[in-house]
Amino acid sequence: MSYIEELTTALGKEKVLVDPAERFVYGADWSPRTPDEFFPPDVVILPRTTRDVQRTIKVAYEHGIPVTAGGGLTGMLGGAVPLFKGIYIDTTTMNSVVEVDSKNQTIRVQAGATLQEVNDAVHPYDLWLPHQPESKWVSTVGSAIACDNDSTFGVRYGKILNCLLSAEIVTGTGEVLELGHRKAHFTSSGYKLKDLLAGSEGTLGVITEATLKLEPIPATRRVDMLVFPRLGAAVDYLSRLLKAGLCIEAAHINCKRRLKFYTQTYKQKYGKDPEIPAWGEALLAISFAGDKGVVDFQRDEAVRLSKEFEAQLVEERELVDSWWTSKYTLEFEPFKQKWPDSQTKKKFGAADPGVPVGRLEEFYHKFVEIAEKHRLDIIGMNAYLEHPNSIGFSLSCAVYVDYRDADEVKRFREYHDELSKMAISFEGTMSTFMSDTHQKAPYLELEHGASLRHMREIKRLFDPKGILNPGKKFPREESP
Ligand SMILES: Cc1cc2nc3c(=O)[nH]c(=O)nc-3n(C[C@H](O)[C@H](O)[C@H](O)COP(=O)(O)OP(=O)(O)OC[C@H]3O[C@@H](n4cnc5c(N)ncnc54)[C@H](O)[C@@H]3O)c2cc1C
């Protein structure tokens, strides 16, 4: 019996897609690629339960078939693309809520639930999951963990790992494991294997369920924008706010060019881009949330302190609202509200390096220089505060890429690699929210040195035959 026949017998026909037309859509994600760079899997599994995933992986293990798990397929670096074909597990069919425990402020969900579905389930209890990337409408819990994406509210609540209490996975041998500490918020027992899942890209196991910590929904929120003469001044200002003891909810620095990407609704209404003072080089969007009196006090204090940094408050509320709509309340129709031509012309491509905070401005100039060198049209840089109550940025260095132009796609990849390596030379990291995928795999040793050997050993423990998402993190020939 072929392995696909075995899967059909084990799972039932309705959970196994073999029709080429149905498989085709699983051959690419949102990463810049030419139309001929599609990798449709040989078979797609639509699981309902952990048992379905376990059965699938056991068959794959027996036959040595690659297994790639995916969620919304909106990753921007090819993480869920099944480069070596084989089996694709579409986890979005596993989106049930297992338990909402409002007293202990936790939710247990299947990993294919989107972050928005989690919030829909817990809002009636006046609770929310604050891990909120822009793509919350499609990003699943499993993929948020597996690619370690960023969040609009990272400066207050951190990233997904700060919310993740426990996760169930199926390893590369088909073993089901629970990693974590149940509903306790932290532990000092054992090794923290759960933390290995953040950014693991499905290379250690397929995540099937997760227990997440929830937070009370704040009563009010106030969003403001400030213009700064330099990027570095916006960084210093944020540092000052934290020193003063303010509890910032969201903080996003946009370089001047990048702002336009977020103000499409403004442009649609007024037929022009918003006006920013000619001296303004950076725009900081910042929010405070909580009881109204506390929010008002913090906001007024933040405005008062901004005078020390030659910053100017943006008085035009429509501009602020337009930015916030695009960042947070955007109905997810990918990019259309940001950049209406995105479905037909050039698309979005980004590198996501991380650098020490004191060198952000210097790195920004390198980003512009390298993008220009590779003749790419610059969208701009965003720096998001992602570490609770401290200065720690994830960076999105974005350019436009014409997918129909193979040379431009090639130049984008060269730009991406150069910027990633530059970040390491700045004493930073290649990735802050997209993980490594196959794109950064050749350079992992540059960032991790000898410890890469131990990472391979960890991979071997969870996935002895190297069948889980091969080619990601390690070139396939280096996998077990
Ligand atoms: C319009 C738009 C806005 C975006 N905004 C943001 C943003 O604000 N912040 C941000 O960080 N990113 C953003 N992204 C990028 C992307 O959407 C996110 O990174 C998102 O987390 C990807 O989710 P997904 O479900 O589409 O993952 P996929 O692309 O399907 O998968 C991502 C990775 O997770 C792995 N994976 C998925 N499910 C599992 C599982 N159950 N077990 C093990 N591994 C699994 C895959 O193999 C792959 O490696 C945006 C993308 C778009 C198109």
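In this predicted model, a nonpolar patch on the surface is formed by Tyr191, Leu193 and Leu196, which together have about 340 Å² of accessible area. Tyrosine 191 sits in the loop between strand S9 (176-180) and helix H8 (193-196). With a relative accessible area of 79%, tyrosine 191 is exposed, because residues over 50% are placed in that class.

Threonine 152 also lies in a loop, in this case between helix H5 (141-147) and helix H6 (154-157). Its relative accessibility is 2%, and threonine 152 therefore counts as buried, the limit for that class being under 20%. When neighbours within four places in sequence are left aside, the residues in contact with threonine 152 are Gln132, Glu249, Ala250, His252, Trp324 and Lys327.

Tyrosine 270 belongs to helix H11 (residues 264-270). The relative accessible area of tyrosine 270 is 38%, so this residue is partly exposed; the class covers values between the limits for buried and exposed residues. In sequence, tyrosine 270 and glycine 293 are 23 residues apart, while in space the separation is 34 Å from C-alpha to C-alpha.

The chain is divided into three parts: domain 1 (95-216), domain 2 (220-329) and domain 3 (345-425). The centres of domain 1 and domain 2, taken over C-alpha atoms, are separated by 29 Å. Nine residues from domain 1 and 13 residues from domain 2 take part in the contact.

The interior was examined next. The largest nonpolar core contains 54 residues, and Phe228, Ile253, Phe363, Phe367 and Tyr415 are those with the most contacts inside it. Helix H9 (residues 231-244) supplies the largest share of this core, namely eight residues. Since domain 2 (220-329) and domain 3 (345-425) both give residues to this core, it lies between them.

Phenylalanine 228, one of the residues with the most contacts inside the largest core, was considered in further detail. Residues up to four places away in sequence are not counted here; beyond these, phenylalanine 228 touches Ala233, Ala234, Tyr237, Trp279, Gly280, Glu281, Ala282, Leu284, Phe309 and Ala311. A second core, separate from the largest one, has 31 residues. Among them are Val227, Leu319, Ile379 and Tyr384.

Key: Residues numbered from 1 in each chain as written. Predicted model: local features only at pLDDT ≥ 70, side-chain atom pairs only at ≥ 80, totals over all residues. Heavy atoms only, no water. Core = buried A, V, L, I, M, F, W, Y, C linked by side-chain atoms within 4.5 Å. Buried < 20%, exposed > 50% of the residue type's maximum accessible area, 1.4 Å probe, protein only. Helix = DSSP H or I, 4+ residues; strand = E, 2+ residues; numbered from the N terminus. Domains from an automatic or database assignment. Contact = heavy atoms within 4.5 Å. Patch = residues over 30% accessible without salt bridge, like charges linked within 9 Å, V, L, I, M, F, W, Y side chains within 5 Å. Areas by Shrake-Rupley, 256 points an atom, 1.4 Å probe, with all protein chains shown as cover. Salt bridge = Lys/Arg side-chain N within 4 Å of Asp/Glu carboxyl O.
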